[in-house]
Amino acid sequence: MKIPVMICSLTATAVSSALVLGGIFQGLTPLLAALSMVMGLLVAALSWKMVEVTPDAPLRFWDISIFVIFGLAAFRAFFWLLYPDGERLMILSPNNLGDLSLHIGLIRYFASGVAFWPDNPIFAGQMLAYPPGADLFNSLLLLVGPGLRAGLVLVGFLMALITARALWNYGGPFCVAAFLLGGGLAGFGILKTWDFYDYSSGAEGVERIWKNPFLAMLVTQRGFLFALPAGLILLSAWKDEFFGDGRERLPFGFQFLLYATLPLFQVHTFLFLSGLLGASLLFLKTNRYRPLRLLAASFFPASAAVYFVTGGFSSGSRLRFEPTWAAPEGLTGFLLEFGLPLLLAGILVYRVIRSGTPCSRWIVFVALAFAIFAFLFPLHSWAWDNTKLLIWSWIVIAPFLWQYVLRPLAVWPRSALCVLLFFTGLVSLAAGLDRRHGYQLANLKELREWDVRTHDLPRESVFAAEPDYNHPLILLGRPVLCGYEGHLSSHGL
């Protein structure tokens, strides 16, 4: 796990350093960006020396197979994440049109020299109420050398690969498949229509809640590029340290670095891991000092990060009781998407209660509690955001599903259940990355013209513009009076 720890440590340190330097010197410059990256590289080198090497299990057929599929999917998704086609700037995924335009704007906005903590570039007069970590790291790359597209491709592809490695280290090939090929049963519609589409994304006129996690989370939600591997690194370390042999394979300083900076990248992951860390005190018979030490040390820096990414707590939660958000089609649609995982989870809970270990009970019970909460109480106006909690519940119980429910079965029923669990995700993954896709985000000539027209205007100038998700001013990182409604909603506005 040395390489994933090294890359995550580099990212967390560089982003934290850039925030501090950008605040002290009232904005980033190429020199300050280079200094932030150097500090990240130094911490990464330190992690290479300090993190304990654990022997890996030998790779078997299924390990190699799932790594190959994951690598090919990551190559296709991120090398075609943003690409030119003549004068057209194209993206691969239609679901990424709105998200990627916002990220491009934030990357250029941070690189323009704005002071930290910055104002919101899409809503004048407000603090930025959004985790900036992933985009800020790309802005550092933009300032020190690699261009925008090269930085997006490099970060996306590399972080996807270490995500696969972190998933495998936590739960083996079944855990990797649970993320890469997750989905409900909608994909079996292909046997009726014989049309090759992503059946979880409205192919039959119905937009499913439970989409392929790789496409819906890792490709479009850029904060997960850091949050997933960092969270899995922490969870793997806690399993060994709290409930295993007690050895601190990930030194405390690196646990603190990854955990305390998580809110800068992805708040849902921070909430989930905080729940796990706090609940460990209930399941530990000894060594409660270890999780308490991490919680205490991280309290002030993590709280400060949450304060800033919520715009000084200005983007209040839209928490409400809405048990029907995940079942827009009623009970039948809900069971089509979540029925099988919930059935297997119920069997898992029974078996863990009867013969589980303290570690398995800790993770399974906390994951179940978060899943129930996520199904009942949307945190934001866009209820789908709760799937960012559901995906963690699904990932962390995956190795225990295999250990307690699937592996004890005979080969044929075990294989049948794996097909039911992963067939839709495989169809979605293949259809979502095939050659039929390619969507125009912007016209490069038009972008150049807008850049020339606005080049000599002060960077703090605020423009009144049509609130389009891909307006040239947004893509150039220029502040606008009021941006795209979908972006404003994601900022809690």
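# Exercises around helix H14

The cover over the buried residues of H14 includes H6, H9, helix H11 (267-283), H13 and H15. Here helices are DSSP runs of H or I, at least four residues, numbered from the N terminus, and cover rests on contact, heavy atoms within 4.5 Å.

The model is predicted, so local features need pLDDT of at least 70 and side-chain atom pairs pLDDT 80 or more, while totals for chains, interfaces and linings use all residues. Residues are numbered from 1 along each chain as its sequence is written, and side-chain values use heavy atoms, without hydrogens or water.

**Exercise 1.** Check the length of H14 and find its buried residues.

*Solution.* Start with the length: the 19 residues of H14 should span 27 Å at 1.5 Å a residue (1.5 Å times one less than the number of residues). The end C-alpha atoms of H14 are 27 Å apart, which agrees. Next, pick out the residues that are buried (under 20% relative accessible area, 1.4 Å probe, protein chains only). Towards the start of H14 you should find Cys 359, Ser 360, Trp 362, Ile 363 and Val 364. Further along come Val 366, Ala 367, Phe 370, Ala 371, Ala 374 and Phe 375.

**Exercise 2.** Locate the largest cavity and describe its lining.

*Solution.* A cavity is a set of 1 Å grid points where a 1.4 Å probe fits but cannot get out, and lining residues have an atom within 4 Å of a point. Six cavities of 30 Å³ or more turn up in the structure, and the largest holds about 240 Å³ (the space filled by probe spheres on the points). Now look at its walls: 16 residues line the largest cavity, with Leu 342, Ala 371, Ser 393, Trp 394 and Ile 397 nearest its centre. Helix H13 (331-355), helix H14 (358-376) and H15 each supply at least two lining residues. H13 gives the most, with six. Finally, sort the lining by class: 15 residues are nonpolar, one is polar and none is charged.

**Exercise 3.** Explore the largest nonpolar core, then the surroundings of Phe 214.

*Solution.* Such a core joins buried Ala, Val, Leu, Ile, Met, Phe, Trp, Tyr and Cys through side-chain atoms within 4.5 Å. The largest has 162 residues, and Phe 70, Phe 78, Phe 214, Trp 238 and Trp 362 have the most contacts inside it. Its largest share, 18 residues, comes from H6. Now zoom in on Phe 214, leaving aside neighbours within four places in sequence. Phe 214 touches Phe 70, Ala 73, Ala 74, Ala 77 and Phe 78, and also Phe 179, Leu 180, Val 219 and Leu 429.

Methods:
Buried means under 20% relative accessible area, exposed over 50%, partly exposed in between (1.4 Å probe, protein chains only). On a 1 Å grid over the protein atoms alone, a cavity is a set of points where a 1.4 Å probe fits but cannot get out, and a pocket is an open set with protein on both sides within 12 Å along at least five of seven lines; lining residues have an atom within 4 Å of a point. Ala, Val, Leu, Ile, Met, Phe, Trp, Tyr, Cys and Pro count as nonpolar, Asp, Glu, Lys and Arg as charged, and the others, Gly among them, as polar.
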